[in-house]
Amino acid sequence: MNIGRYGVVVCTKCGNAKGVDLGTKTTKCPHCRRRLIINKLTVFYRSDSQKNIAQVVGELNAKIRDAEMPDKKSNPPDAYTLALKESRSGSNERERLIIIGRVLSRELGSFDKKDLEIIISRRGTGEIEEIIDVLKKSDLFYEPKPGTFKAVET
Ligand SMILES: [Zn+2]
């Protein structure tokens with residue numbers, strides 16, 4: 001049993017580890033803002049060194065994330081992830097955009113500016129108007145209603 005002024009606890013709400021000063025009564029979780037009453041929590045590690053505490057917090061949070069990974073992996077990739085992944089086979093930007101449009105149509109039924117904005121934010125590149133322009137000019141997409149796009153069945 002180790003003793004020390006600081007301890008490592010795990011938030012009861014979000015499950016993230018955090019270092020606390022065991023001399024205080026409450027602490028606030030930096031991840032979910034929940035107020036935690038320290039003497040009601042399990043202290044996983046104690047030390048007088050804040051550096052040690054920070055290290056243990058980091059290791060524990062990494063372990064918690066790893067433990068959550070299998071779940072995340074078993075979830076099917078979302079439409080945006082698929083669109084971006086498949087678009088890598090396009091040999092130029094126009095082809096890549098068309099693939100993205102097709103995958104979004106296939107996965108979502110149709111897509112609109114909001115979906116393209118998610119794509120742009122994930123890619124970190126692109127202009128919404130330019131993308132729509134490319135899709136419209138390709139003749140491979142139509143607008144079932146204004147602002148909504150769908151790939152032409154081929
Ligand atoms: Zn929390």
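The legends below describe close-up views of a predicted model.

**View 1. The largest nonpolar core and the helices that supply it.** Fourteen is the number of residues in the largest nonpolar core, and among these 14 residues the ones that touch the most other members are Ala79, Ala83, Ile100, Val103, Leu104, Ile119 and Leu135. Two or more residues each come from helix 2 (79-87), helix 3 (93-108), helix 4 (113-123) and helix 5 (128-137), and helix 3 gives the most, with four residues.

**View 2. The surroundings of alanine 83.** When neighbours within four places in sequence are left aside, alanine 83 is in contact with Ile100, Val103, Leu104 and Ile119. Separate from the core of the preceding view is a second core of seven residues, which includes Tyr6, Val8, Ala17 and Val57.

**View 3. Helix 3 and its buried residues.** Helix 3 has 16 residues and reaches 22 Å from its first C-alpha to its last, a span close to the 22 Å expected at 1.5 Å a residue. Buried within this helix are Arg96, Leu97, Ile100, Gly101, Arg102, Val103, Leu104 and Ser105, and the buried residues of helix 3 pack against helix 2, helix 4 and helix 5 as well as against strand 6, strand 7 and strand 8. Glycine 109, which follows helix 3, has a positive phi, near 90°.

**View 4. The hairpin of strand 1 and strand 2.** Strand 1 (residues 6-10) pairs with strand 2 (residues 17-21) in the antiparallel sense, over five bridges. Within this pairing, glycine 7 stands opposite valine 20 in strand 2. The hairpin has six residues between the strands, and glycine 15 takes a positive phi near 80°. Tyr6, Val8 and Ala17 are included in the second core of seven residues, as is Val57. As a general point, side chains in a regular strand alternate between the two faces of the sheet.

**View 5. The open sheet of three strands.** Three strands, in the order 6-8-7, form an open sheet with antiparallel pairing. Strand 6 (111-112) and strand 7 (141-145) are the edge strands, each of which pairs on one side only. The pairing of strand 6 with strand 8 (residues 148-151) is antiparallel and runs over two bridges, and phenylalanine 111 stands opposite phenylalanine 149 in strand 8. The strands of this sheet also appear among the elements against which the buried residues of helix 3 pack, namely strand 6, strand 7 and strand 8.

Methods: Residues are numbered from 1 along each chain as its sequence is written. This is a predicted model: local features need pLDDT of at least 70, side-chain atom pairs count only at pLDDT 80 or more; totals for chains, interfaces and linings use all residues. A nonpolar core is a set of buried Ala, Val, Leu, Ile, Met, Phe, Trp, Tyr and Cys residues joined through C-beta atoms within 7 Å. A residue is buried if 20 or more other C-beta atoms lie within 10 Å of its own, exposed if 12 or fewer, and partly exposed in between; C-beta atoms are placed from the backbone. Two residues are in contact if their C-beta atoms, placed from the backbone, lie within 7 Å. Two strands pair if DSSP finds at least two bridges between them. The expected span of a helix is 1.5 Å times one less than its number of residues.
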